[in-house]
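Trainee: I should like to study one chain of this model closely. Could you guide me through chain B, from its packed helices to its sheets and its contacts?

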Amino acid sequence: MNITLRVWRQKGRDDEGRMVTYKVEDVNPDMSFLEMLDVLNEKLTLSGEDPVAFDHDCREGICGACGVVINGVAHGPENTTTCQLHMRSFKDGDEITIEPWRAKAFPVVKDLVVDRGSFDRVIQAGGYISAPTGTAPDAHATPVPKADADRAFDAATCIGCGACVAACPNASGMLFTAAKITHLGSMPQGQPEREARVINMINQHDAEDFGGCTNIGECAAVCPKGIPLDTISQLNRDLLGALASSKPE
Amino acid sequence: MTELYTEGAPIADEKAPAGPINERWDKRRFSARLVNPANRRKLSVIIVGTGLAGASAAATMGEAGYHVKSFCYQDSPRRAHSIAAQGGINAAKNYRNDGDSIHRLFYDTVKGGDFRSRESNVYRLSQVSVEIIDQCVAQGVPFAREYGGLLDNRSFGGVQVSRTFYARGQTGQQLLIGAYQALERQVAAGTVEMNTRHEMLELIVVDGRARGIVARDMVTGEIETHFADAVVLASGGYGNVFFLSTNAMGCNVTASWRAHRKGAHFANPCYTQIHPTCIPVSGEYQSKLTLMSESLRNDGRIWVPKETGDQRDPREIPEDERDYYLERIYPSFGNLVPRDIASRAAKNVCDEGRGVGPGGLGVYLDFADAIKRMGRPAVEAKYGNLFDMYQRITGENPYEVPMRIYPAVHYTMGGLWVDYDLQSSIPGLFVTGEANFSDHGANRLGASALMQGLADGYFVLPNTINDYLADGPFDALDETTPEAKEAADSVRARIDKLLSIDGERTVDSIHKELGHIMWEYCGMERSEEGLRKAIDRIRELREEFWTNVKVLGSNDELNQALEKAGRVADFLELGELMCIDALHRRESCGGHFRAESQTEDGEALRHDDEFAYVAAWEFTGTGEPPVLHKEALEYEYVEMKQRSYK
């Protein structure tokens, strides 16, 4: 099949970007979306034009490195990561628009590559359980009810790709933050730091210029790992409780 | 063969204590010198890589009070490729009361490694495995649990006990996120300085000690020098020398190879693991291969048509015209033979022209019988996520049509040579995780990679590196130090050269060609004739690369083609060493199968009298014959036997 691409090109963080049109011919429907971009880049390189920069690594949907907005939808039409999207989801003659994540907290580095360091700093603010190596009791010392462990796991599957932020009209990072709050807060090990964690992470979230959450739900709709929207309810509950007892560190 | 390499003096692991095997780790921990907490602040350590081995080490060293500088090429340490491990992590907890013990895990691992790993190291790994699970649970890793709230276990290939802890099919992700969070906690505490989007391009050795690295800031292109009292490489394996593998696109050998060029011995480079259950290649555009958990072999039956060139829809091929070749050749283990054996059997039937799917490079993994036996809902509950993944990638429904699978490069057992302290042949350079060679011998068992990465990072390195650091802090250095300046200049010169060739071929096209050579001649089956051919072709290809590659753009920007070019340049040197190592080892063991060394019925044949040693290679120059140093392997606790799975 033949595809027309409209791709966001931007040389560097402070440069102006623009959409550039490319034709890609003989696309095999079994190609992944990123392999189609590889083919484009090989062609551009041989013709002396700078290849399109995009983040990617594992190409099996788990590292969270890849992610672009495809025809206005974060990660495109299949509710999976960009690397797991295949060209059979498109048809001959399609025009596909490709843009980077757009959010104040994710400045563009080049073309489709953005800086998601803000996510790491939100984790630094409290997205952990303080358990220095060597201090652990036996793994069976504290049983964890299966329902709690499953709830924690579902939230912990977040891959930190940033699609939730890209999809949110407010560019909020609330689903990402809530996933970590829910993961750690559902486990007995996470209780001692639970109140400080939510306050410190929210403060950092706001300091990074993520927008506020107004419960629109676009985040959960595009999340390739299906992080449930009710993690945000959990975050709000935890935050209220923590502020009421007001013992943040 | 002497023209390809020369033999030097034997080497030995001088750090492993003697005596009863279960006391050796205690002994070493006691004999290793300590650094008192007040002095740790004055000592610094560079750690390259943030996978399980790197992130766990950085967090632990930071907690201990050292000043740690951590580096990764990804945009966040959380993306390192440990994250993709599916199955689980072994530990000798014996929570199942099924006869497991530290000694049994040790025994299984030595045997699984086909008697080419060190007993002392493997025993320590088994001892430490128990502490890893405790540590991860304390961090909040959401392992699978039973209704009573206790941890669940499952069993894995090559063993008879249930000792594998798991978190659905995402164990690597959950363990890595645990280590990543511990690391970020130390970043916040100020003990770890994190450098993302930084790639190590050279090692700095001063007065015979590893003292720093040259790294490129991948966003600005700035060539930076970083100094420390010790350097740790936790930079992963080199499976991407084959171009197609289950590794992430960015996985590379550059950090290890640069250290090798500076004097670190590279051990057993030819030991690569080819995993039998991966989704086959679908076209020339293919960029990577995806693994399907080998748990599928518990219920799926593997077959090909009996006749060559049978193009019928698999569902129309009657039972008596199918060859369930693993069940036929290995009646007692059937579809559950170890990875290396299953992979080679698939290659053999495809070589006979009986392979299925595009290009005839695939075999069927059929769940029709399982669905009949267990019912579709049960199959869905057990394998649903894997079936979905298969369907997403291939567009075929495995509940209706048999899956097609083919082996793919998955893990590299070889790596930089280290002693019992995980120190390489360069003082002050330590190597952990997949980047070192030490624990898996010639073949790794399932669920053991995660165990080794975390054992090295959380428990082994932090206890052994003290003994080295006790002599520090060493003299202060800066970018004007001649060795540092020379290293940075050589990096700049190499980048300038790559950017100035302006030839006709893309980096990927040369990388693909290298991959084809390696897969054809240094893949599942190797022969003297093939390996010699491969060495000649790699040399020609290297020449072509340095005269005809095309890398656009400049150094002072994000330049992904330039990053790839540097990595491929190093793969072009590593590939030659792998072939030389494979050529010199005229025996079959684990993942290394030499056509000339097989039993009458085509099984791997080891030659323990000649080859029971670690081959540690010393670099002498690009294209120059490397020097082979042998480290003899002795087995006091496990009797050496030929494996049999018939």
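**A close look at chain B**

Mentor: We begin in the loop between H4 and H5 of chain B, where Asp114(B) is found. The model is a predicted one, and in it Asp114(B) has a positive phi of about 55° although this residue is not a glycine. Most residues other than glycine have a negative phi, and most peptide bonds are trans. That general rule gives a reason to pause at this loop before turning to the helices on either side.

Helix H4 covers residues 102–112 of chain B, and helix H5 covers residues 119–138 of chain B. How should such a pair be described? Two packed helices are described by the angle between their axes and the distance between the axes. Here the axes come within 8 Å and cross at roughly 135°. H4(B) is therefore oblique to H5(B), since only angles over 145 degrees count as roughly antiparallel. The crossing of H4(B) past H5(B) is right-handed. From H4(B), the residues that meet H5(B) are Ile102(B), Leu105(B), Phe106(B), Thr109(B) and Val110(B). Among their counterparts in H5(B) are Glu119(B), Val122(B), Tyr123(B) and Leu125(B). Sorted by class, this contact of H4(B) with H5(B) has seven nonpolar, four polar and one charged residues.

A second pair of helices is found further along the chain. Helix H15 (residues 528–548) of chain B packs with helix H16 (residues 560–584) of chain B at an angle of about 165°, and their axes are 9 Å apart. This angle is why H15(B) is roughly antiparallel to H16(B). H15(B) passes H16(B) in a left-handed crossing. The H15(B) side of the contact includes Leu531(B), Ala534(B), Ile535(B), Ile538(B) and Phe545(B). The H16(B) side includes Val568(B), Leu572(B), Cys579(B), Ile580(B) and Leu583(B). By class, the contact of H15(B) with H16(B) divides into 13 nonpolar, one polar and four charged residues.

We now turn to the sheets. In what order do the strands of the five-stranded open sheet of chain B lie? The order is E6-E3-E2-E10-E18, and the pairing is parallel. Strand E6 (192–195) and strand E18 (429–431) of chain B are the edge strands, each of which pairs on one side only. From one strand to the next, the twist averages 20°. At the E6 edge, strand E3 (residues 67–71) of chain B pairs with E6(B) in the parallel sense over four bridges. One residue to locate there is Ser70(B), whose bridge partner in E6(B) is Met194(B). In a regular strand the side chains alternate between the two faces of the sheet.

A helix also meets this sheet. Helix H12 (residues 449–469) of chain B lies across strand E10 (230–233) and E18 of chain B, and runs at about 150° to E10(B). The loop between H12 and helix H13 (482–500) of chain B contains Pro473(B). Gly472(B) and Pro473(B) are joined by a cis peptide bond, with omega of about -5°.

Another set of paired strands in chain B has strand E13 (residues 301–305) with two partners. Three bridges join E13(B) to strand E15 (residues 363–366) of chain B, and these two strands run antiparallel. In this pair, Ile302(B) stands opposite Leu365(B) in E15(B). E13(B) also pairs with strand E14 (residues 322–323) of chain B, in the antiparallel sense and over two bridges. There, Pro305(B) stands opposite Arg322(B) in E14(B).

Finally, we consider how chain B meets its neighbour. In total, 60 residues of chain B are in contact with 65 residues of chain A. Which elements of chain B give two or more residues to the side that touches chain A? They are helix H3 (52–64), H5, helix H6 (171–189) and H16 of chain B. H6(B) provides the largest share, nine residues. By class, the side of chain B that touches chain A divides into 22 nonpolar, 23 polar and 15 charged residues. Two of these elements have appeared above: H5(B), which packs with H4(B), and H16(B), which packs with H15(B).

How values were computed. Residues are numbered from 1 along each chain as its sequence is written. Chains are lettered from A and ligands numbered from 1 in the order in which they are written. This is a predicted model: local features need pLDDT of at least 70, side-chain atom pairs count only at pLDDT 80 or more; totals for chains, interfaces and linings use all residues. Axes are lines fitted to C-alpha atoms, for helices over the stretch in contact, and angles run from 0 to 180 degrees between N-to-C directions. Angles under 35 degrees count as roughly parallel, over 145 as roughly antiparallel, 65 to 115 as roughly perpendicular and the rest as oblique. A crossing is left-handed if the near helix is turned anticlockwise from the far one by less than a right angle, and right-handed if clockwise. Two residues are in contact if their C-beta atoms, placed from the backbone, lie within 7 Å. Ala, Val, Leu, Ile, Met, Phe, Trp, Tyr, Cys and Pro count as nonpolar, Asp, Glu, Lys and Arg as charged, and the others, Gly among them, as polar. Two strands pair if DSSP finds at least two bridges between them.
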